Amino acid sequence: MDALTELNVLGLILSAVLLALACVKADRVRAWRAGINPSAEELSDASFIAARVVFVALAGIGIYLCVQGFKVSDDTAWDDTELTTAVQGATDALDGSSGFGDFYAEDNDTGWIDEYATKIEQEVVEHGGGDAPQYGVNATPADSTPSEARYTVTGGDTAFCMQVTRTRSKDGDYEPPGIGGGQGTVTVPSYDFAVTTREGGC
């Protein structure tokens with residue numbers, strides 16, 4: 001339970017206490033006051049009515065604010081269903097995709113792994129739906145090689161292991177034209193990505 005949810009629960013408890021106070025009978029309050037201070041001035045029925053109105057109004061405001069607070073809490077935290085749907089959507093979107101690598105990097109370069117973690121996080125958030133938070137997803141690289149990486153994806157109480165395999169695709173290479181529109185001397189390498197996901201951390 002996050003701090004905002006705990007605050008909302010506390011607010012509901014306080015609202016319930018206010019409603020309970022509004023229900024206390026006037027005779028019981030008079031007897032309690034007389035036992036503590038017998039010489040105290042007698043309270044009128046109008047005073048009790050005014051106090052009840054104030055207690056009920058404060059309780060109503062408290063309940064309204066807590067309900068709004070629960071909505072805010074829901075919008076800022078991933079639940080298991082939202083995360084499961086978002087991760088599956090991200091997996092479907094990333095599987096079979098392609099992208100260009102750094103033309104300065106060697107084939108055994110692993111620099112793409114951290115960059116791909118950011119891409120996973122963005123895709124999960126994008127597939128979260130309207131009620132899901134727009135942040136709070138982490139894709140942490142686990143065991144990795146230059147051609148394969150695994151990421152533990154978290155956002156709520158559930159974790160997923162996403163496995164990404166990167167394959168060189170020379171057919172998709174891009175050769176930008178050289179100076180003056182002539183033959184280029186640089187080849188930007190293309191890679192294809194195969195992505196699978198299973199429940200549980202890597």
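**Sheet, helix H4 and an aromatic cluster**

In this predicted model, strands S4 and S5 are paired in the antiparallel sense, and nine bridges join them. One residue pair of this ladder is Thr 167 with Asp 192, the latter lying in S5. S4 and S5 belong to an open sheet of five strands, in which the order is S1-S5-S4-S3-S2 and the pairing is antiparallel. The edges of the sheet are formed by S1 (98–100) and S2 (138–145); each has a single partner strand, so one side of each lacks a neighbour in the sheet. From one strand to the next, the twist averages 30°.

Helix H4 comprises the 15 residues 80–94. At 1.5 Å a residue, a helix with this number of residues should span 21 Å, and the C-alpha atoms at the two ends of H4 are 21 Å apart, so the expected span and the model agree. The N-terminal end of H4 is capped by Asp 79, a side-chain oxygen of which lies 3.1 Å from the backbone nitrogen of Thr 81. Beyond the other end, Gly 96 follows just after H4 and adopts a positive phi of about 85°.

The buried residues of H4 are Glu 82, Leu 83, Ala 86, Val 87, Gly 89, Ala 90, Thr 91 and Leu 94. These buried residues pack against one helix, H5 (112–126), and against the strands S3 (148–154), S4 (159–168) and S5 (190–199).

Ser 97 is located in the loop between H4 and S1. Its relative accessible area is 16%, which is under the 20% limit, so Ser 97 counts as buried. A polar atom of the Ser 97 side chain lies 2.7 Å from the backbone oxygen of Leu 94, a residue that is itself among the buried positions of H4. When residues up to four places away in sequence are not counted, Ser 97 touches Tyr 116, Tyr 191, Asp 192 and Phe 193. Of these contacts, Asp 192 is the bridge partner of Thr 167, while Tyr 116 and Phe 193 take part in an aromatic cluster.

Five aromatic pairs are present in the structure. In one of them, the ring centres of Tyr 116 and Tyr 151 are 6.4 Å apart and the ring planes meet at 35°, so the pair is classed as tilted. Because Tyr 116 is in helix H5 and Tyr 151 is in strand S3, this pair ties together parts that are 35 residues apart in sequence. Both residues are buried: the relative accessible area of Tyr 116 is 4%, and that of Tyr 151 is 0%.

Tyr 116 also forms an aromatic pair with Phe 193, with 4.8 Å from centre to centre and 25° between the planes, and this pair is stacked. Here too distant parts of the chain are linked, as Tyr 116 in H5 and Phe 193 in strand S5 are 77 residues apart. Phe 193 has a relative accessibility of 9% and counts as buried. Together with Trp 112, the residues Tyr 116, Tyr 151 and Phe 193 make up one aromatic cluster.

Key
Residues numbered from 1 in each chain as written. Predicted model: local features only at pLDDT ≥ 70, side-chain atom pairs only at ≥ 80, totals over all residues. Heavy atoms only, no water. Helix = DSSP H or I, 4+ residues; strand = E, 2+ residues; numbered from the N terminus. Expected span 1.5 Å × (residues − 1). Buried < 20%, exposed > 50% of the residue type's maximum accessible area, 1.4 Å probe, protein only. Contact = heavy atoms within 4.5 Å. Polar contact = N/O pair within 3.5 Å; in protein donor to acceptor, adjacent residues only side chain to side chain. Pairing = 2+ DSSP bridges. Axes fitted to C-alpha atoms, helices over the stretch in contact; angles between N-to-C directions. Phe/Tyr/Trp six-rings, centres within 6.5 Å; stacked < 30°, edge-to-face > 60°.
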